[in-house]
Amino acid sequence: MGKELIAMLLAGGQGARLYALTQKLAKPAVPFGGKYRIIDFPLSNCVNSGIDTVGILTQYQPMVLNEYIGNGQPWDLDRLYGGVHILPPYQQASGSDWYKGTANAIYQNISFIERYDPQYVIILSGDQICKQDYSDFLAFHKEKGAEFSVAVMEVPWEEASRFGLMVADENDKITEFQEKPKNPKSNLASMGIYIFNWDILRKYLEEDEADPESQNDFGNNIIPNLLRDGREMYAYHFDGYWKDVGTISSLWEANMEVLDPEHSGIDLFDEQWKIYSRNSGMTGHRIGANAKVENSMITDGCRVNGNVKHSILFAGVTVEEGAEIEDAVIMGGVVIKSGAVVKHCIVAEDAVIGNNAVVGAMPTAEEDGVATIASGVKIGGMAKIGPKAMIYNDVKDGDEQW
């Protein structure tokens with residue numbers, strides 16, 4: 001029996017603009033919000049929206065992501081028929097190839113989609129923080145009699161040229177598509193979330209693959225081809241929280257917004273739309289007698305004996321007595337030793353910040369930036385790391401890097 005809707009989740013992104021954070025990690029596997037990884041958001045949206053079949057297309061550094069997803073049980077996606085499936089590029093009779101673009105990635109998995117004979121396919125991005133009900137989106141698609149629909153958000157006009165833009169009429173029918181134009185005709189930015197009728201998607205994927213000049217990309221090729229042929233294309237307006245966390249500053253900012261759910265638009269404490277994740281299996285956190293914690297999120301297994309202000313501590317972080325943390329995103333397993341000062345920065349998993357070291361600084365009129373420490377890096381005692389520094393390797397005692 002065919003499925004009405006299945007999801008294809010593009011999760012192969014290298015995340016080059018996250019620099020040190022994605023050296024050994026696919027972007028969708030980057031930790032976020034204390035106990036989550038970025039990919040938890042689209043997966044949870046699928047389950048909460050009633051989608052029980054998800055293909056996850058991986059490519060760059062997939063090991064941690066594959067291990068994290070496992071059989072899909074944390075998201076209730078461990079199904080006999082459907083469930084979650086990891087779909088890396090693979091050897092075929094005609095040869096093998098990496099995914100050459102977003103459209104080619106879906107094309108290479110046509111046989112997976114055919115197994116479920118769906119009426120509709122939703123294409124999702126694995127590198128956004130967004131809480132969205134895809135069942136509302138599908139209802140819109142069906143009501144309009146659409147062959148293709150794209151989720152859009154209004155963005156400020158001065159930022160519009162950074163996005164792929166949909167020009168639509170008063171009935172939301174798309175009349176034009178602009179890819180990062182200098183002179184935007186619209187401020188409806190594509191979120192990179194699409195619903196296709198499966199027969200239409202298959203036809204255009206096969207045509208695109210047969211075109212040697214194509215970049216095999218949805219934005220550059222598939223959508224313009226749909227427009228060329230006068231297909232029924234509609235823009236679905238989304239007004240919830242959505243953030244592309246593709247840069248260090250946007251990732252840091254989105255984490256800070258988690259601490260202000262009343263005003264930021266992202267509420268991870270919402271019982272009506274839970275974001276599911278794999279359990280760390282650690283014990284509860286412990287706040288020492290001399291510790292001071294203010295407006296922060298402290299996750300499983302943390303041991304806090306220093307001062308923590310407006311920060312997020314992921315699972316298993318140790319903060320020794322006399323250490324100070326402010327406006328910081330501290331990922332799992334990090335050790336911050338006595339006397340260290342860690343401010344306005346991101347520290348990746350399993351790093352060690354030595355005694356009396358200084359990492360980052362609160363922004364000033366002269367200097368502003370998010371210091372970033374890569375996974376597993378050791379910052380020596382008394383070392384100083386400047387507010388814009390990107391640290392990939394160990395730093396010796398007393399050294400300074402800016």
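Start by selecting Lys100, which is partly exposed, with a relative accessible area of 45%. Keep in mind that you're looking at a predicted model.

Now add Glu209 to your selection. The two side chains meet in a salt bridge, at 3.5 Å from N to O. Try tracing the chain from one partner to the other: this pair links distant parts of it, 109 residues apart. Lys100 sits in the loop between β5 (83–86) and α3 (102–107), while Glu209 belongs to helix α6 (residues 198–209). Is Glu209 buried or exposed? Neither, quite: its relative accessibility is 24%, so Glu209 counts as partly exposed.

Stay with helix α6 and pick Glu207 and Lys203. Both lie in this helix, four residues apart, which is about one turn. They form a salt bridge too, and their closest N and O atoms are 2.7 Å apart. Colour them by accessibility if your viewer can do that: Glu207 is partly exposed at 37%, and Lys203 is also partly exposed at 34%.

Next, jump to Lys3, Asp52, Asp76 and Arg79 and show them together. What joins these four residues? Salt bridges that share partners tie them into one network.

For the last pair, select Glu176 and Lys185. Here's another salt bridge, with 3.0 Å between the closest N and O atoms. Glu176 is partly exposed, with 27% relative accessibility. Lys185 comes out at 54%, so this one counts as exposed, because the cut-off for that word is over 50%.

Want to keep exploring? How many salt bridges does the structure hold? There are 23, including the ones on this tour.

Technical notes. Residues are numbered from 1 along each chain as its sequence is written. This is a predicted model: local features need pLDDT of at least 70, side-chain atom pairs count only at pLDDT 80 or more; totals for chains, interfaces and linings use all residues. Side-chain values use heavy atoms; hydrogens and water are left out. Helices (H or I, at least four residues) and strands (E, at least two) are DSSP runs, numbered from the N terminus. Buried means under 20% relative accessible area, exposed over 50%, partly exposed in between (1.4 Å probe, protein chains only).
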